[in-house]
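Good morning, colleagues. Please have the sequence and the model open while I speak.

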Amino acid sequence: MKPTFAKLVFYSLVLIEILLLAPLGDSPDLNAATDNRNLSVDQILDRVENKYTDSEFSADFIQKSFLKAMDIIDQASGKVYIKYPGKMRWEYEKPDRQIFITDGEKLWVYRPDDNQVQVGKAPSFFKSGKGASFLSDISLVRQKFDISLKKGKQNEDDPFYYLKLIPREKTLDITEILLMVSKQTFNVVQIISIDLYGDENRIDLLNFAFEVNLDDSLFSFSIPEGADVLQLDE
């Protein structure tokens, strides 16, 4: 059975909302967090870039999507693999199986239960920073967004920094992104994106692993025989 329009919107939004990945369950080292208090935005970004540049990693993820106009709250979960530069693989396991794959040039969205594949060009689909294109190249965050510390959220004893990102190119897809950054590890532990209609998407990650060696075959895809092939809008 083909997915409903609401589910297509929901699953597409994951490629609009996510910027970075990090474990939700970091156990903060109080001394390290204390040493990293009161950093500027540039200093925070420097440390985040040091963590993510040239990296390859995997994580389990939980996504919640709040669709305001439809009064819908959806939840999905699965596993993600990221490899610098430009390679991503999102494997949805619940509630429906679905896989997003890009090698940095091509994009495939595969729904195995329907034997359906959507294909497109990654640079076009991910233009203006959407689709977490900076997830596999963290330097794009500074290029695509105006970044500030979120007012009213900073507390000296809080183990996190809260960053507010406003896209420089205005689109309907994203009007604001909020990042929660660990003061101990400089992992981004939570990502919330908000669109023009007030819909919110939230990503949390756990069981995060940087020290992995991901084969490039994870980021390519061969279309199964007999699959229904559709072109993604770009």
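I shall take you through confidence, the sheet, the helix across it, the cores, and a few buried polar side chains.

Let me begin with reliability. What we have here is a predicted model. The mean pLDDT of the protein chain is 81, and 78% of its residues reach 70 or more. Residues 1-25 require caution, with a pLDDT below 50 over that stretch. In the model these residues nevertheless have 98 contacts beyond near neighbours in sequence. Where pLDDT is low, the predicted coordinates should not be read in detail.

I turn now to the sheet. In what order do the twelve strands of the open sheet lie? The order is 7-8-9-10-11-1-2-3-4-5-6-12, and the pairing is mixed. Strand 7, residues 145-149, and strand 12, residues 228-231, form the edges, each pairing on one side only. From one strand to the next, the twist averages 20 degrees.

Let us follow the sheet inward from the edge at strand 7. Strands 7 and 8 run antiparallel and are joined by five bridges. Within this pair, Phe-145 stands opposite Pro-167 of strand 8. Strand 8, residues 160-167, is in turn joined to strand 9, residues 176-182, by six bridges, and these two strands also run antiparallel. Here Phe-160 faces Ser-182 of strand 9, while Leu-163 is placed opposite Leu-179.

Towards the other edge, Gln-116 deserves a remark. This residue is found in strand 6, which spans residues 116-121. Gln-116 and Asp-228 are 112 residues apart along the chain, yet their C-alpha atoms are separated by 4.6 Å. With a relative accessible area of 5%, Gln-116 is buried.

Next, the helix. Which strands does helix 3 lie across? Helix 3, residues 41-52, lies across strands 1, 7, 8, 9, 10 and 11, and runs at about 115 degrees to strand 7.

That brings us to the interior. In soluble globular proteins, nonpolar side chains tend to be buried together. In this model the largest nonpolar core has 36 residues. The residues with the most contacts inside that core are Ile-44, Val-48, Tyr-52, Leu-179 and Val-181. Helix 3 gives the most to this core, with five residues. Setting aside residues up to four places away in sequence, Ile-44 touches Leu-39, Leu-149, Tyr-161, Leu-163, Val-181 and Phe-186. Apart from this core lies another, of eight residues, including Ile-99, Tyr-110, Val-117 and Phe-221.

Tyr-161, one of the contacts of Ile-44, merits a closer look. Tyr-161 belongs to strand 8. Is this tyrosine, Tyr-161, buried or exposed? Its relative accessible area is 3%, which is under the 20% limit, so Tyr-161 counts as buried. A polar atom of its side chain lies 2.9 Å from the backbone nitrogen of Leu-39. Tyr-161 and Phe-186 are 25 residues apart in sequence, and the distance between their C-alpha atoms is 8.9 Å.

I close with two polar side chains, beginning with Arg-89. Arg-89 is located in strand 3, residues 87-94. Why does Arg-89 count as buried? Its relative accessibility is 13%, and buried means under 20%, so Arg-89 falls within that class. Which partners does the side chain of Arg-89 have? One is the side chain of Glu-91, in a polar contact of 2.6 Å. A polar atom of the Arg-89 side chain also lies 2.7 Å from the backbone oxygen of Leu-218. Leaving aside neighbours within four places in sequence, the residues in contact with Arg-89 include Lys-79, Val-80, Tyr-81, Ile-99, Phe-100 and Ile-101. Leu-218, Phe-219 and Ser-220 are also among its contacts.

The second is Asn-201, in strand 11. Asn-201 is buried, with a relative accessible area of 2%. Its side chain makes a polar contact with the side chain of Ser-65 at 3.0 Å, and another with the side chain of Gln-63 at 3.5 Å.

In summary, I would ask you to keep in view the open sheet of twelve strands, helix 3 lying across strands that include strand 7, and the core of 36 residues to which that helix gives the most. Thank you for your attention.

Note on methods:
Residues numbered from 1 in each chain as written. Predicted model: local features only at pLDDT ≥ 70, side-chain atom pairs only at ≥ 80, totals over all residues. Heavy atoms only, no water. Pairing = 2+ DSSP bridges. Helix = DSSP H or I, 4+ residues; strand = E, 2+ residues; numbered from the N terminus. Axes fitted to C-alpha atoms, helices over the stretch in contact; angles between N-to-C directions. Contact = heavy atoms within 4.5 Å. pLDDT = per-residue confidence, 0-100. Buried < 20%, exposed > 50% of the residue type's maximum accessible area, 1.4 Å probe, protein only. Polar contact = N/O pair within 3.5 Å; in protein donor to acceptor, adjacent residues only side chain to side chain. Core = buried A, V, L, I, M, F, W, Y, C linked by side-chain atoms within 4.5 Å.
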